[in-house]
Protein chains: 2
Amino acid sequence: MLTDAHATVLRLINQSGPLSRTELVGHLGVSKASMSALAADLMERGMLTEAEAVYGGGRPSIRLALQPSSAFFVGASLAGERFQLCVADLGGDVTAASSVPAGDDPRSVAEAIGREVGRLIEADGVDRSRVAGIGLSVPGLVDSAAGVCVRSTLLGWRDVPIGTMVGAATGLATFVENDANALVLGQHLFGALRGSRACTMIAVADGIGCGHIINGELHRGHRGGAGEIAHATIAPGGLPCKCGKRGCLDTLASTPAVANAAREAGLPGDFTALDAAAARGDQAAITILHHAGAALGLAIAQQIQSLDPEHILVALADGPLDGLYARVLRQTVEANVMPGGGQTQLSIIALDADAWAVGAAGVAAGRAFFRR
Amino acid sequence: MLTDAHATVLRLINQSGPLSRTELVGHLGVSKASMSALAADLMERGMLTEAEAVYGGGRPSIRLALQPSSAFFVGASLAGERFQLCVADLGGDVTAASSVPAGDDPRSVAEAIGREVGRLIEADGVDRSRVAGIGLSVPGLVDSAAGVCVRSTLLGWRDVPIGTMVGAATGLATFVENDANALVLGQHLFGALRGSRACTMIAVADGIGCGHIINGELHRGHRGGAGEIAHATIAPGGLPCKCGKRGCLDTLASTPAVANAAREAGLPGDFTALDAAAARGDQAAITILHHAGAALGLAIAQQIQSLDPEHILVALADGPLDGLYARVLRQTVEANVMPGGGQTQLSIIALDADAWAVGAAGVAAGRAFFRR
DNA sequence: CGTGTTGGTTCATCTGCTGATCTAACGGCT
DNA sequence: AGCCGTTAGATCAGCAGATGAACCAACACG
């Protein structure tokens, strides 16, 4: 139904914002004739609209913009105390959100999602035929082509075909992705990483998740294991990690690692409180946050040296964005990236609770709509 | 002249070895009719030949193989005491090799290459129309799309349009690539990494070079700086590096770093001699090689955690492949990769002197022929 | 020597892209 | 106001490449 060229047009506009037909011709490498037909077709389908005109030398060019209400995507995050659901439109805006109780029985999870998605779409007043698909964000190893959760410690799953199950329960095209990958895909399609050809996102929460976009596409790795920097050795011979090794980044910079170190020093385990203590001059708090920030900063510097991304996005589930942890992180990156490179933009944002579900919606958008 | 589908057929056969038309249909996603026409066309052009027949249930299938003598590629490495040149055929075999004196004046370098390439092709008896192009392997930062050497400390170049210059001097399509990238491209097309979707090559010589193939394509990074793991910080606060930082992998594991450490301990700077000393039980030698191998092993383990490649190829310019350095390297990788992953194959090979030029020829093959 | 099976070819047809040409919509100039 | 240069976009006949269906080819097996 949608040809490859159609998807490319939509993707380009999503990346760059509204573009005129002539600008699209330059990016796409097709003829004016084809572009004219493509645009007419996409407008007839309601996916594009003519936005503002740009006045220049001759006839003004008319920018074509995505029509946000022309397609919707459902996202579901299978992690946390409740599984978060959301509906996002083609512009990436969340139009509805909800949640279902967490569970570890695949069948009942799929059924609960099926019911709740039905309610959500109904309540949102969205024409069901406009819902292009649902994305699932799964903590663990995932075979995204087959839609199977290969292994998830958190869910206790092994080779669970959750994709087909949720597909049957919802009647929607279903796409399964690892949670860190879903996050970066969502940001790449709808967020701060929009349109970047090479970028990396790192989420600091209970664990440390990481996903890479390379050459404009998600890099999953040979066996889906890319982005496991949580278990990269940063401090050889350091603290033992639950993975069996020692000195993993996870034991140094994750939220629980900081909380543990704080509690052992008799300080509050809460990230924000710890930062406040550091701000008051508490030496132990300063040391703890410094160590953690430096560890993540070093890991990020190594990523930059290895991959030279355009943008690295760090999302913090806890703590202030301008606290000691974040400051030390930035300094350490700065100090450990080769001078003369240093082109990589480093952003630190807050990781809000629904970000995972929005990422999952982005997965659906990418696979069902933008063909990625 | 060659359509995209043609190049894809050639690429697939290069990756997987001879394939029948029916097998190609499966990989390519085109119809039998198109495949038949494609194969006929490529055979008429002399690029494919019918190789062995495979007998099965019904009519035997006929494998189509590349005709090595149907295309040739020139490679030139702009590094070392003399700039190495070679001619490789479509099978990746070197049919002729030569060299020109090293130099730092771009004009005379281009002219010397032009003359020598003419002689080489003449002497090799290759029809000039079958030479698809020349690749240049340049140590330094390269804009490969424009064919410009942006910056090379070794050559003392800044924004040198060496691509157009050599193109004019040779009359061949010219492609410029960073040396580490050329190396991995060559191995990906013709060597141990043939056909891999995700792999990394690390060359240990005067410096440490690294290139990544991701999703089947070279990843150059946002500003062409990918693979600079030589200046990733492995030992924070370690020895000062010429890049201005401290504790870079380059100061720990490169050939000169090992040689320096050895000389300071009153040991021979030669890698092989040092390994022999270690084998005889010399503690200082053992420590030096151990430190170096462990540093590179740690860096490789971090690459594996971050990228989950199918294959990592380490090429050593000096020293034995089964010496202490290599053994410690393997052990350290093993110990610092998360258990349960461990799918990445690690190979250690010798980096012979002409490997750089062969890599450059691979660049030409990839860009001129296989469209990569 | 017929039959089933799989590999590969042929051909009428069709789809989607293209270059050339035309119309539209402006700014600026007289 | 009217004309002209300029750029954006639409139209249309023609064409290259892909396709499905039917066909031929080459084997194993009985």
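# Working chat on the model

Biologist: How many of the residues of α12(B) are buried?

Modeller: Of its 15 residues, 15 are buried, so α12(B) is largely enclosed by the rest of the structure. Please bear in mind that this is a predicted model.

Biologist: What span should helix α12 of chain B have, and what span does it have?

Modeller: The helix covers residues 355–369 of chain B, and at 1.5 Å a residue its 15 residues should span 21 Å. Its end C-alpha atoms lie 20 Å apart, which agrees with that expectation.

Biologist: What comes just after α12(B)?

Modeller: Just after that helix, B:R371 takes a positive phi of about 60°.

Biologist: Which other residues have a positive phi without being glycine?

Modeller: Among them are A:D308, with phi near 45°, and B:D159, with phi of about 50°.

Biologist: Where are they found, and is each one buried or exposed?

Modeller: A:D308 is in the loop between α10 (283–307) and β15 (311–316) of chain A. A:D308 has 22 other C-beta atoms within 10 Å and is therefore buried. B:D159 belongs to strand β10 of chain B, residues 157–160. Because B:D159 has 10 C-beta neighbours inside 10 Å, it counts as exposed.

Biologist: Turning to the DNA, which residues are the closest to DNA strand D?

Modeller: The closest are A:S36, A:G58, A:R59, B:A33 and B:R59, out of 25 residues that surround DNA strand D. The elements giving two or more residues to that surface are α2 (21–28), α3 (32–44) and β3 (61–66) of chain A, together with α3 (32–44) of chain B.

Biologist: Which element gives the most there?

Modeller: That is α3(A), with five residues.

Biologist: How do the residues of that surface divide into nonpolar, polar and charged?

Modeller: Near DNA strand D, nine are nonpolar, 11 are polar and five are charged.

Biologist: And which residues are the closest to DNA strand C?

Modeller: For DNA strand C, the closest are A:A33, A:R59, B:S36, B:G58 and B:R59, and 25 residues surround the strand. Two or more residues come from each of α3 of chain A and α2 (21–28), α3 and β3 (61–66) of chain B. Here α3(B) gives the most, with five residues. The surface near DNA strand C divides into nine nonpolar, 11 polar and five charged residues.

Biologist: How are chain A and chain B related?

Modeller: A turn of 180° with a shift of 0.0 Å along the axis lays chain B on chain A with an RMSD of 0.1 Å. That is the relation of a two-fold axis.

Biologist: Which residue of chain B comes closest to the rotation axis?

Modeller: B:I214 does, with its C-alpha at 3.7 Å.

Biologist: How many residues does the contact take from each chain?

Modeller: The contact takes 36 residues from chain B and 36 residues from chain A. On the chain B side, the elements giving two or more residues are β14 (217–219) and α10 (283–307). Of these, α10(B) gives the most, with seven residues. The side of chain B that touches chain A holds 13 nonpolar, 17 polar and six charged residues.

Biologist: Why can one say that the copies meet through the same surface?

Modeller: The reason is that 100% of the interface residues of chain B are also interface residues in chain A.

Biologist: Moving inside, which residues of the largest nonpolar core touch the most other members?

Modeller: They are A:V74, A:L249, B:V74 and B:L249, in a core of 252 residues. Not counting residues up to four places away in sequence, A:L249 touches A:I208, A:I229, A:A230, A:A232, A:I234, A:A295, A:L296 and A:A299.

Biologist: Where is A:A317, and what is it in contact with?

Modeller: A:A317 sits in the loop between β15 and α11 (324–336) of chain A. It has 16 other C-beta atoms within 10 Å and is partly exposed. Neighbours within four places in sequence aside, A:A317 is in contact with A:V204, A:A205, A:T255 and A:L351. A:A350, 33 residues away from A:A317 in sequence, is 6.0 Å away in space, C-alpha to C-alpha.

Biologist: Lastly, is B:A261 buried or exposed?

Modeller: B:A261 counts as buried, because it has 22 C-beta neighbours inside 10 Å. It is found in helix α8 of chain B, residues 255–264.

Terms used
Residues are numbered from 1 along each chain as its sequence is written. Chains are lettered from A and ligands numbered from 1 in the order in which they are written. This is a predicted model: local features need pLDDT of at least 70, side-chain atom pairs count only at pLDDT 80 or more; totals for chains, interfaces and linings use all residues. A residue is near a molecule or strand if its C-beta atom, placed from the backbone, lies within 6 Å of it. Helices (H or I, at least four residues) and strands (E, at least two) are DSSP runs, numbered from the N terminus. Ala, Val, Leu, Ile, Met, Phe, Trp, Tyr, Cys and Pro count as nonpolar, Asp, Glu, Lys and Arg as charged, and the others, Gly among them, as polar. The expected span of a helix is 1.5 Å times one less than its number of residues. A residue is buried if 20 or more other C-beta atoms lie within 10 Å of its own, exposed if 12 or fewer, and partly exposed in between; C-beta atoms are placed from the backbone. Two residues are in contact if their C-beta atoms, placed from the backbone, lie within 7 Å. A nonpolar core is a set of buried Ala, Val, Leu, Ile, Met, Phe, Trp, Tyr and Cys residues joined through C-beta atoms within 7 Å. Copies are superposed by least squares on the C-alpha atoms of residues with pLDDT of at least 70 in both.
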